[in-house]
Amino acid sequence: MASHRKPRTSVLTSPGGRRTAAGLTSAALASVTLLSQSADAAPRAPRPTIEEVKQKVDGLYRQAEVATQKYNAAKERADHQRTTVDGLLDAAAERAQKMNDTRRELGTFASAQYRTGGMNPTAQLMLAKDPQQFFDRSHLMERLTSRQQQAVSDYEEQAAAAARQRAEAGRSLERLQSSQASLKASKQSVQQKLAEARQLLSRLTVQEKARLAELERQKEAAAKRKADEEARRQQERQRQQDGGGTAGGDTGGSTGGGGTTGGTQSTKAEKALAFARAQIGKPYVWGATGPSSYDCSGLTQAAWKAAGVDLPRTTWDQVKVGQRVATSDLHPGDLVFFFDDISHVGMYIGGGKMIHAPHPGANVREESIYYMPIYGSVRLG
């Protein structure tokens, strides 16, 4: 008797099954190969050089300064519009009070007329206790009629004025809202640029940060050499103007440009410079006007305000004030503006140097005016 054996189970033994298995295996291998090739085809971007990082960070700081000036302009407009709106609202409230007073007076007249019942003069004479009482009452009614006419006229004028004030307040409020929207957009732009700069700097290693600091020192040293050379040329010109005498002073002193008339400074310039020097070491904060921190135009505005001169808030408006002067003819106290977009300003102190609030992360300090490309300069007198 033949023994019963369980047939063996064969998996995918048919030719079609073997082809299917082979196809799946090939597809899996192909997928792995393609993924590997894709990874190789998209290599990681090369790490930027320190020079590229510095250029990028400097560019972001400059963009932030442009946005800061836009913020300052928008804030100035918003503050002005807010004052205007508040004034119009106060005037409207006062006008409403006058209208209420006139309305009450008209109500009094209306009540008086109702009480008399509109009786004719003959009836009033017959009902009067005596003739004199009638004539007194008649004279009073004539006066009341005149006052009524004046009250109505006053009320109409006040109502028209109130309507004009409400319309003007509405327009001013719209301008205020527009300025506030611009203020918000500029603020967001500043914050975005500064965040990008901080992110770039945070990725640097200790060695890269040291290299970046060295590049900054080299740039400052080159600007200082140029300032010293210019100061020596200025001293030489001054000696020639003085008939070959000695100029005294040093390259970092208060002489600069062609020197001031008679070797003296204006009292206002001295006061502005004294204020600016007292702020050295305080931090740059965008949008700040003191007393604990400043941005560039906030510092120059505050310094000249201490000397009794009111400057506009932004670099774009400050450059329009005063007399334009050449770089070779700078005097202490002059304002020096930088970049084609006029986004930065400093106060000249002589010897090719200035006091300015540089950028976020830095403090108010003295620095060569040649550290940045000069746009132009103005003298405030």
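The following paragraphs go through the fold of this predicted model, from its overall make-up to single residues.

The protein has 8 helices and 6 strands. Read from the N terminus, the order of elements is α-α-α-α-α-α-α-α-β-β-β-β-β-β, so the helices precede the strands in the chain. Of the 381 residues in the protein, 35% are buried. Among contacts with a separation of 6 or more, 67% are between residues 24 or more positions apart.

The strands come next. An open sheet is formed by 6 strands, in the order E1-E6-E2-E3-E4-E5, with antiparallel pairing. Its edges are strand E1 (323-325) and strand E5 (365-368), each of which pairs on one side only. On average, and with direction ignored, neighbouring strands of the sheet are turned by 40° against each other.

The individual pairings can be followed from the E1 edge. E1 and strand E6 (residues 374-379) run antiparallel and are joined by 3 bridges. Within this pairing, Gln323 stands opposite Arg379 in E6. E6 also pairs with E2, again in the antiparallel sense, over 4 bridges. Here Phe338 has Ile374 in E6 as its bridge partner. Further along the sheet, strand E3 (residues 344-350) and strand E4 (residues 353-356) run antiparallel and are joined by 3 bridges. One of the partners in this pairing is Met354 in E4, which bridges to Tyr348.

Helices lie against this sheet. H7 packs on it and touches strand E2 (335-338), E3 and E4. The direction of H7 makes about 50° with that of E3. Helix H5 (residues 206-241) lies across E3 and E5 and runs at about 75° to E5. E3 is thus touched by H7 and also has H5 lying across it.

H7 has a helical neighbour as well. Two packed helices are described by the angle between their axes and the distance between the axes. For helix H6 (residues 267-278) and helix H7 (residues 296-306), the axes come within 7 Å and cross at roughly 130°. An angle over 145 degrees would count as roughly antiparallel, and one of 65 to 115 as roughly perpendicular; H6 and H7 are therefore oblique to each other. The crossing in which H6 passes H7 is right-handed. On the H6 side, the residues that meet H7 are Lys268, Ala269, Ala272, Phe275 and Ala276. Their counterparts in H7 are Ala302, Ala303, Trp304 and Ala306. By class, this contact has 8 nonpolar residues, no polar ones and 1 charged one. The charged residue is Lys268 in H6, because Lys belongs to the charged class.

What is the form of the peptide bond from Gly290 to Pro291? It is cis, with omega near 0°. Pro291 is found in the loop between H6 and H7. Most residues other than glycine have a negative phi, and most peptide bonds are trans. The backbone departs from the first of these tendencies at two places in the loop between E2 and E3, namely Phe339 and Ile342. Phe339 is not a glycine, yet its phi is positive, at about 70°. Ile342, likewise not a glycine, has a positive phi of about 55°. Are these loop residues buried or exposed? The cut-off for buried is under 20% relative accessible area. Phe339, with a relative accessible area of 14%, is therefore buried, and Ile342 counts as buried at 11% relative accessibility.

Two residues within the strands have lower values still. Ile349 is found in strand E3 and is buried, with a relative accessible area of 2%. Ile349 and Pro332 are 17 residues apart along the chain, but their C-alpha atoms are separated by 4.5 Å. Ser377 has its place in strand E6 and counts as buried at 1% relative accessibility.

Which residues is Ser377 in contact with, leaving aside its neighbours within four places in sequence? They are Gln323, Arg324, Val325, Leu330, Leu335, Val336 and Phe337. Gln323, Arg324 and Val325 fall in strand E1 (323-325), and Leu335, Val336 and Phe337 fall in strand E2 (335-338). These are the strands with which E6 pairs, over 3 bridges to E1 and over 4 bridges to E2.

Conventions: Residues are numbered from 1 along each chain as its sequence is written. This is a predicted model: local features need pLDDT of at least 70, side-chain atom pairs count only at pLDDT 80 or more; totals for chains, interfaces and linings use all residues. Side-chain values use heavy atoms; hydrogens and water are left out. Axes are lines fitted to C-alpha atoms, for helices over the stretch in contact, and angles run from 0 to 180 degrees between N-to-C directions. Angles under 35 degrees count as roughly parallel, over 145 as roughly antiparallel, 65 to 115 as roughly perpendicular and the rest as oblique. A crossing is left-handed if the near helix is turned anticlockwise from the far one by less than a right angle, and right-handed if clockwise. Contact means heavy atoms within 4.5 Å. Two strands pair if DSSP finds at least two bridges between them. Buried means under 20% relative accessible area, exposed over 50%, partly exposed in between (1.4 Å probe, protein chains only).
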